[in-house]
Amino acid sequence: AGIALSDLNGKLISVNQRYCEIVNRPASELIGTHIQAITYAEDVPGNAILFKRLVETGESFDIEKRYVRGDGSLVWGGNSVSAIRDESGRIVQTVAIVVDITERKRAQEIERLLALMIASSNDAMLAIDLDMVITSWNAAAERLYGYSSQEAIGRSVMMLVPDDRAEEEPEILRQIRAGQVVNRYETQRLRKDGSLVDVLL
């Protein structure tokens, strides 16, 4: 983890090598620099409020914020910030333990965008696990099949399969387990009202 000591005004007084690597700046540049000078502008206000409270009360805080690296790129840091006290109990410095969480934040953003795409798609999209249990169900699936997501999620996908096509879904799952892609498969499925609908899977 990166470790940075700062004075009560927020100026860096000591950093370890890992901290330098995370923010892509040499220690010689960082020492004497205000911590907010390398914090992404949108993240400064929230960080400043917590830092002020820490200096005044000694209340530690955790924050996820972006740093502006030496090359201008951004890196997400997970920060745990605490007060350092002298023998009399007076707060004299602060210490921040910083972990690079950029990849996790990227993965979360991709997941969020995918969820938005699925939710807003005009195509019925549902996910099932390898036991054929429905795990997600978008609004278009509600319109196509007539079941709300609350009614569908957690139930077997076989509720959508007509009796005369009961072997299709297990066969599709067998192919998926084998790493194959099932592409443009025309069949029929059951709506909630019992009517059949032609679908392309």
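I take contact to mean heavy atoms within 4.5 Å, and with that I began at Lys 65 in this predicted model.

**Entry 1: Lys 65**

I located Lys 65 in strand β3 and listed its contacts, leaving aside neighbours within four places in sequence: Ile 35, Gln 36, Thr 39, Asp 43, Asn 47, Val 75, Trp 76, Gly 77 and Asn 79. I then asked which side chain of opposite charge is nearest to Lys 65. The search returned Asp 43 at 7.7 Å, and Lys 65, although buried, has no salt bridge. A salt bridge is counted when the side-chain nitrogen is within 4 Å of a carboxyl oxygen. What I did find were polar contacts between side chains, one of 2.9 Å joining Lys 65 to Thr 39 and one of 2.4 Å joining Lys 65 to Asn 47.

**Entry 2: the nonpolar cores**

I looked up the largest nonpolar core, which has 18 residues, and noted those with the most contacts inside it: Leu 12, Val 15, Tyr 19, Val 23, Leu 30, Ile 38 and Tyr 67. At least two residues of this core come from each of β2 (12-15), α1 (17-23), β3 (61-68), β4 (74-85) and β5 (91-100), and α1 gives the most, with four residues. For Val 23 I checked the contacts beyond four places in sequence, and the list reads Leu 30, Ile 38, Tyr 67, Val 68, Arg 69 and Gly 70. Apart from this core lies another, of 13 residues, which includes Trp 137, Ala 152, Leu 173 and Val 197.

**Entry 3: salt bridges**

Side chains of opposite charge can pair when their charged atoms come close. I counted 16 salt bridges in the structure and followed some of them by hand. Arg 106 and Glu 103 form one with their closest N and O atoms 2.5 Å apart, and since the two are three residues apart in helix α4 (residues 102-120), about one helical turn separates them. Arg 106 is partly exposed, with a relative accessible area of 47%, whereas Glu 103 is exposed at 56%.

Where does the salt bridge of Glu 169 lead? I traced it to Arg 189, with the closest N and O atoms 3.0 Å apart; this pair links distant parts of the chain, Glu 169 being in helix α7 and Arg 189 in strand β8, 20 residues apart. Both Glu 169 and Arg 189 are buried. Glu 168 forms a salt bridge with Arg 165, the closest N and O atoms again given as 3.0 Å apart; Glu 168 is buried, with a relative accessible area of 12%, while Arg 165 is partly exposed at 25%. I recorded Arg 165, Glu 168, Glu 169 and Arg 189 as linked in a network of salt bridges.

**Entry 4: two loop residues**

I found Glu 167 in the loop between α6 (149-152) and α7, exposed at a relative accessible area of 64%; its C-alpha is 36 Å from that of Ala 107, which is 60 residues away in sequence. Asn 183, in the loop between α7 (168-177) and β8 (186-190), counts as exposed because its relative accessibility is 60%. The C-alpha atoms of Asn 183 and Leu 201 are separated by 6.8 Å, with their positions 18 residues apart along the chain.

**Entry 5: the whole chain**

I noted seven helices and nine strands. The radius of gyration is 27 Å, where a compact globule of 201 residues would have one near 17 Å, and the C-alpha atoms fill a box of roughly 80 × 30 × 25 Å along the principal axes. Of the 201 residues, 32% count as buried.

Key. Residues numbered from 1 in each chain as written. Predicted model: local features only at pLDDT ≥ 70, side-chain atom pairs only at ≥ 80, totals over all residues. Heavy atoms only, no water. Core = buried A, V, L, I, M, F, W, Y, C linked by side-chain atoms within 4.5 Å. Buried < 20%, exposed > 50% of the residue type's maximum accessible area, 1.4 Å probe, protein only. Lys, Arg positive; Asp, Glu negative; His and termini not counted. Polar contact = N/O pair within 3.5 Å; in protein donor to acceptor, adjacent residues only side chain to side chain. Rg over C-alpha atoms; globule rule 2.2 N^0.38 Å.
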